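Got your viewer open? Grab the mouse and let's go on a short walk, one selection at a time.

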Amino acid sequence: MTSPAGLTASLGRRRVYWHAGGCLAVLLGALYLARRHWPAVESGAGRLAVADHGWLLTGAVAAAGTWAASALAQQGTVVQRLPGPRLFAAQFAASAAGHLLPAGIGAGAVNLRYLMRCGLPAGRAAGALAVKAAAGAAVRLVLIALLAPACPGLLRLPRPSPPVIAAASGVAVLLALLPLTPWWSRCRPALATVLADVRALHARPARAAALWGGSLAFAVLHALVLIAVIRAVGLALAPLQVALLYLAASSAAALLPTPGGLGSLDAALALALTAAGTSGAGAASAVLGYRLLTVWLPLLPGLLVLGVLVRRKAL
């Protein structure tokens, strides 16, 4: 019979193996994409190597600010006061974990564990994450609607193909039929709890300001990272155009469940930049620089912070 200590050690080793496997999968995916588009990647990397260091530093500062904005938005999803330093560390660790598992599972798991360690029941913690995700999506859509008239003709919506129309119609039908299914009796209490929490949050102006202000700052700071990189490599795109392209590309990439948007966001950003008139090498340098500041440089420190938080039972 296995002792509790032996079982704990075994589970710990399994987590290490899963983390190592996730890192390996991310690296292999990045290598595959780099190999497939090597000429553009090589030219873009060369252009990034001689980029303006001042603008790159500005982008790095903006990237660091995204974790503070994420922490602010997370605080806005719960009524109780969350420990500030640990909240920031959890967002930093969640950003790293989000690049290991698809569809935000890694980041969601870290934040879920953090909120539960702070005393929230699992249901309310999951509801807080749903509120944060919904607020972020709503902010992106509102920003796109505000910026699109200022950049006429920049966004060209593709004509949906029959399979896409069929899939969207199927999802709409399933959502319409949900109240008639046995699942509705299970979903309704959870939905009612989330709505009650949202009303309680918006009854407190400080929490509402944190939720929406943090969500807005998160989107704006990510756009600023891309703007700074584009300035650093000398591409001729206006800041408002870059912000609109980033918001549209990140919204489209969110529909594809890849770890941290790796692959999906890269392709969407490169496609958006080239459609706006940027050369392939220029788009590659911008995407590489954006990923360098938001993913690859913080990845190892983020995983180390994650390990420290787990060891200290903060997660």
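Start with α6 and α9: these two helices lie oblique to each other. Keep in mind that you are looking at a predicted model. To describe a pair of packed helices, you give the angle between their axes and the distance between the axes. Select residues 122–147 to light up α6, then add α9; they pack at about 60°, with axes 9 Å apart. That angle falls outside the 65 to 115 degrees that would count as roughly perpendicular, so the pair ends up as oblique. The crossing of α6 and α9 is right-handed.

Now show side chains where the two helices touch. On the α6 side, pick out residues including Val131, Ala135, Val139 and Leu143. Across from them in α9, look for Leu211, Trp212, Ser215, Leu216 and Ala219. In an α-helix, residues three or four places apart point the same way, because there are 3.6 residues a turn.

Next stop: select 264–275, which is helix α11. Its twelve residues reach 16 Å from the first C-alpha to the last, close to the 16 Å expected. Which residues of α11 are buried? Color Ser264, Leu265, Asp266, Ala268, Leu269, Ala272 and Leu273 to see them. Then switch on α9 (205–232), α10 (239–253) and α12 (280–311), which are among what covers those buried residues. Step just past the end of α11 and click Gly277, which takes a positive phi of about 105°.

Last, hunt for cysteines. Cys118 is buried at 16% relative accessible area, and Cys151 is buried too, at 7%. As for disulfides, the count is zero.

Conventions. Residues are numbered from 1 along each chain as its sequence is written. This is a predicted model: local features need pLDDT of at least 70, side-chain atom pairs count only at pLDDT 80 or more; totals for chains, interfaces and linings use all residues. Side-chain values use heavy atoms; hydrogens and water are left out. Helices (H or I, at least four residues) and strands (E, at least two) are DSSP runs, numbered from the N terminus. The expected span of a helix is 1.5 Å times one less than its number of residues. Buried means under 20% relative accessible area, exposed over 50%, partly exposed in between (1.4 Å probe, protein chains only). Contact means heavy atoms within 4.5 Å. A disulfide is a pair of cysteine sulfur atoms within 2.5 Å. Axes are lines fitted to C-alpha atoms, for helices over the stretch in contact, and angles run from 0 to 180 degrees between N-to-C directions. Angles under 35 degrees count as roughly parallel, over 145 as roughly antiparallel, 65 to 115 as roughly perpendicular and the rest as oblique. A crossing is left-handed if the near helix is turned anticlockwise from the far one by less than a right angle, and right-handed if clockwise.
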